[in-house]
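Here's a walk through one small set of coordinates, from the overall layout down to individual side chains. Have the model open alongside as you read.

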Amino acid sequence: ILGMDKNHVSAMKGLASTHLRPKIHLFSEYAEGTGRDVPDPYYGGPESFAEVYNMLFSGCEKLLDRLLEV
């Protein structure tokens, strides 16, 4: 289970049963190893949407590579 920011991850872990908590990760940490929050592009205008899209696209490519290694 992947959250987009540290607050999402914390909230999900707080709601999850004990055995599921280790399966909840920050998207960028799990996919890229960076630990960056994925920002909400709504407040930043069109360029923010492009930035978040590129961040997620890159992260998804790396996530897919990681999953295919298994």
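## The overall layout

Among contacts in the protein chain with a separation of 6 or more, 36% are between residues 24 or more positions apart. Keep in mind that this is a predicted model. The chain has three helices and two strands, and reading along the sequence gives you the pattern β-α-β-α-α. Along the principal axes, its C-alpha atoms fill a box of roughly 40 × 30 × 15 Å.

How much of the chain is buried? Of its 70 residues, 23% count as buried. On the outside, the protein chain exposes about 5,100 Å², with carbon and sulfur atoms supplying 60% of that area.

## Helix H3 and what covers it

Helix H3 runs over residues 46–69. Its 24 residues should span 34 Å at 1.5 Å a residue, and the C-alpha atoms at its ends are 35 Å apart, so the two figures agree.

Which residues of H3 are buried? They are Ser 48, Val 52, Met 55, Gly 59 and Leu 63. That spacing is worth a look, because an α-helix has 3.6 residues a turn and residues three or four places apart point the same way. The cover over the buried residues of H3 includes strand E1 (2–3) and helix H2.

## The nonpolar core

In soluble globular proteins, nonpolar side chains tend to be buried together. Here the largest nonpolar core is a set of six residues: Phe 27, Ala 31, Val 38, Val 52, Met 55 and Leu 63. Helices H2 (27–32) and H3 each put in at least two of them, and the largest share, three residues, comes from H3.

Ala 31 is a handy place to zoom in. Setting aside neighbours within four places in sequence, Ala 31 is in contact with Gly 59, Lys 62 and Leu 63. Of these partners, Leu 63 also belongs to the core, while Gly 59 is among the buried residues of H3.

## Lys 62 and its charged neighbours

Lys 62 sits in helix H3 and is partly exposed, with a relative accessible area of 41%. Beyond its neighbours within four places in sequence, Lys 62 is in contact with Ala 31 and Glu 32. Its C-alpha atom is 9.9 Å from that of Gly 33, although the two residues are 29 apart along the chain.

The contact with Glu 32 is also a salt bridge, the closest N and O atoms being 3.8 Å apart. Because Glu 32 lies in helix H2 and Lys 62 in helix H3, this pair ties together parts that are 30 residues apart in sequence. Glu 32 has another partner too: its side chain meets that of Arg 36 in a salt bridge (3.7 Å, N to O). Arg 36 counts as partly exposed, at 40% relative accessibility. Through shared partners, Glu 32, Arg 36 and Lys 62 are joined by salt bridges into one network.

## The bridge back to H1

How many salt bridges does the structure hold? There are three, and one of them brings together the side chains of Asp 37 and Lys 6 (3.4 Å, N to O). Asp 37 is in the loop between H2 and H3, whereas Lys 6 is in helix H1 (residues 6–15), so this pair ties together parts 31 residues apart in sequence. Both partners count as partly exposed: Asp 37 at 34% relative accessibility, and Lys 6 at 46%. As a general point, side chains of opposite charge can pair when their charged atoms come close.

## Out on the surface

Not every nonpolar side chain ends up inside. Tyr 42, Tyr 43 and Phe 49 make a nonpolar surface patch of about 450 Å². Phe 49 is found in H3 and is partly exposed, with a relative accessible area of 44%.

For a more outlying spot, try the loop between H1 and strand E2 (25–26), where you'll find Thr 18. Is Thr 18 buried or exposed? At 61% relative accessibility, Thr 18 counts as exposed. Measuring C-alpha to C-alpha, Thr 18 and Asn 54 are 34 Å apart in space, with their positions 36 residues apart in sequence.

Key:
Residues are numbered from 1 along each chain as its sequence is written. This is a predicted model: local features need pLDDT of at least 70, side-chain atom pairs count only at pLDDT 80 or more; totals for chains, interfaces and linings use all residues. Side-chain values use heavy atoms; hydrogens and water are left out. Patches are made of residues with over 30% relative accessible area and no salt bridge: like charges are joined within 9 Å, nonpolar side chains (Val, Leu, Ile, Met, Phe, Trp, Tyr) within 5 Å. Accessible areas come from the Shrake-Rupley method with a 1.4 Å probe; for residues, only the protein chains shown count as cover. A salt bridge is a side-chain nitrogen of Lys or Arg within 4 Å of a carboxyl oxygen of Asp or Glu. Helices (H or I, at least four residues) and strands (E, at least two) are DSSP runs, numbered from the N terminus. Buried means under 20% relative accessible area, exposed over 50%, partly exposed in between (1.4 Å probe, protein chains only). A nonpolar core is a set of buried Ala, Val, Leu, Ile, Met, Phe, Trp, Tyr and Cys residues joined through side-chain atoms within 4.5 Å. Contact means heavy atoms within 4.5 Å. The expected span of a helix is 1.5 Å times one less than its number of residues.
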